[in-house]
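Grab a pencil and work through a few exercises on the structure below. Each one comes with a solution you can follow step by step.

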Amino acid sequence: MSKRNENLKNRSLYLNRLIGFQDTELVKVITGIRRCGKSSLMKLMIQHLKENGIQENQFVVMNFESIQYRGMSSKDVYNYVAERVIPDKKMYIFLDEIQRIPEWQDAVNSFRVDFDTDIYLTGSNAYLLSSEISTYLAGRFVEIKMLPLSFREFLDFNDYSVTEYNSPAGILKRRVTDKAGQIYEMDDLLEAYLMFGGMPGLSEVGLEQDKVFAVLEGIYSTIVVRDILEREYRRRQKRITDADLLKKIIMFLADNIGNNVSLTSITNTLMNERLIEDSPKKGKPAVQTIQTYVSALLESYVFYEIRRFDIKGKEYLRTLGKYYISDLGLKNYLLGYRGADTGHAIENLVYFELKRRGYDVAVGKTGNREIDFIATKTREKKYIQVTERMEEESTKERELSPLRSIRDNHEKIVIQRYGPSGETEDGIKIINLCDYLLS
């Protein structure tokens, strides 16, 4: 194993999910934005298998970002694997960025039929599991949805250690130290996470803004070119031809994370701010055009859309969803870091933390009030408000009153960046953001 592999940082949340499906007939499909750690997760899984007795010759590993496999057809991939199959042994097949192979699902399905295999795939575009392909593999795959680093992972990847202790007053506290034993305030590290985001590769260059933004520029460019502008080469997908319009839409959505947004409002705002020229040659872009570009961004996992749910009517609303960006570092690379304005940024953090923990998430509407998040999982439901602070009575009332208006017995929580955990008000729990992210 290479030195690089020996230095792999653990992503136990996702690795444990993969291990849970090990040696099953299901194809394991790891999806997520580029550079969020999918390839490293594959290496971690291979390392786990080797530690548990699987021999080197039982692995077939192909990374389709490599020129070694450029231009292959699904038949070529099938033949490559078939030549390496050992009779009477289970083969472990790892195919990285498989979406670059046309009709890849034909080869994968044939592996299942023809050989004794355990199959793992990664892909950086949701088209990988489009309705057509999902139907083809119906009931035969499980999706592992991967995100950039959580706050706890961010600390681990950058060699910060968190120790917990009880203060003399019996309050649970946390201390953060680096490798040299230097002690840091937890909120200073949270500030760095809010600024730089959670792309795993940042730990290789250190938390210096110039270096971090250089890495993020490369990630952004790769996403735009490979996953969006090359989108036209996939069957029956509308072409993305205007790179400038694409960037303007990305910057608009990044600047409006957590705001109620519609496709019409995107179009109108870009027109009103003269970010889109209304000329006889180009004309006003149709809402359908904006929809195509936004869909491409969602497919590439750059943004996630969250729908609004009417709590009293018990139905999803068709208008005014919200968008959150999968990595705040990308937002700050594009727009610059606004340290004093973190309200929507911490909403963004909580949204993706809920996703990591397996919740389905919606925005709640109750009368003319809004609940930041309704998080549901199996029989569990939580109502969550997110705010920077609640020292002022008016702010506290604004955050608590929508939760008080909900007349059921599900858990109600306010997550605040500044302020302690442990208080309750009218049965509503108040939790510090760092405590929540590290719990």
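**Exercise 1. Work out how helices α10 and α11 are oriented relative to each other.**

Solution. The answer first: α10 and α11 are roughly perpendicular to each other. Keep in mind that this is a predicted model. Now the steps.

- Step 1: pick what to look at. Two packed helices are described by the angle between their axes and the distance between the axes.
- Step 2: get those values. The axes of α10 (residues 243–255) and α11 (residues 263–272) come within 11 Å, and they cross at roughly 110°.
- Step 3: classify the angle. Angles of 65 to 115 degrees count as roughly perpendicular, and therefore that's the label α10 and α11 get.
- Step 4: find the residues that touch. On the α10 side you have K248, I249, F252 and L253, and they meet S265, I266, T269 and L270 of α11.
- Step 5: sort that contact by class. It splits into 5 nonpolar, 2 polar and 1 charged residue.

**Exercise 2. Decide how the protein chain compares in compactness with a globular protein of its length.**

Solution.

- Step 1: take stock of the elements. The chain has 16 helices and 18 strands.
- Step 2: compare the radius of gyration with the rule. It is 23 Å, close to the 22 Å that the globule rule gives for 439 residues, so the chain is as compact as a globular protein of that length.
- Step 3: add the outer dimensions. Along the principal axes, the C-alpha atoms fill a box of roughly 70 × 70 × 45 Å.

**Exercise 3. Describe the largest cavity: its volume and its lining.**

Solution.

- Step 1: count the cavities. There are 3 of 30 Å³ or more.
- Step 2: take the largest one. Its volume is about 110 Å³.
- Step 3: see what sits around it. It is lined by 17 residues, and L149, Y193, S326, L349 and R356 are the closest to its centre.
- Step 4: trace the lining to an element. Helix α14 (residues 343–356) gives the largest share, 5 residues.
- Step 5: classify the lining. You get 9 nonpolar, 5 polar and 3 charged residues.

**Exercise 4. Do the same kind of job on the second largest pocket.**

Solution.

- Step 1: start with the space inside, about 840 Å³.
- Step 2: list the central residues. Of 31 lining residues, K145, Y304, Y351, K355 and D360 are the closest to the centre.
- Step 3: find the contributing elements. Those giving two or more residues include β5 (141–145), α12 (287–299), α14 and β14 (369–377).
- Step 4: sort by class. The pocket lining has 17 nonpolar, 4 polar and 10 charged residues.

Methods. Residues are numbered from 1 along each chain as its sequence is written. This is a predicted model: local features need pLDDT of at least 70, side-chain atom pairs count only at pLDDT 80 or more; totals for chains, interfaces and linings use all residues. Side-chain values use heavy atoms; hydrogens and water are left out. On a 1 Å grid over the protein atoms alone, a cavity is a set of points where a 1.4 Å probe fits but cannot get out, and a pocket is an open set with protein on both sides within 12 Å along at least five of seven lines; lining residues have an atom within 4 Å of a point. Grid points are joined across faces, edges and corners, and a volume is the space filled by probe spheres set on the points. Helices (H or I, at least four residues) and strands (E, at least two) are DSSP runs, numbered from the N terminus. Ala, Val, Leu, Ile, Met, Phe, Trp, Tyr, Cys and Pro count as nonpolar, Asp, Glu, Lys and Arg as charged, and the others, Gly among them, as polar. Axes are lines fitted to C-alpha atoms, for helices over the stretch in contact, and angles run from 0 to 180 degrees between N-to-C directions. Angles under 35 degrees count as roughly parallel, over 145 as roughly antiparallel, 65 to 115 as roughly perpendicular and the rest as oblique. Contact means heavy atoms within 4.5 Å. The radius of gyration is taken over C-alpha atoms; the globule rule is 2.2 Å times the number of residues to the power 0.38.
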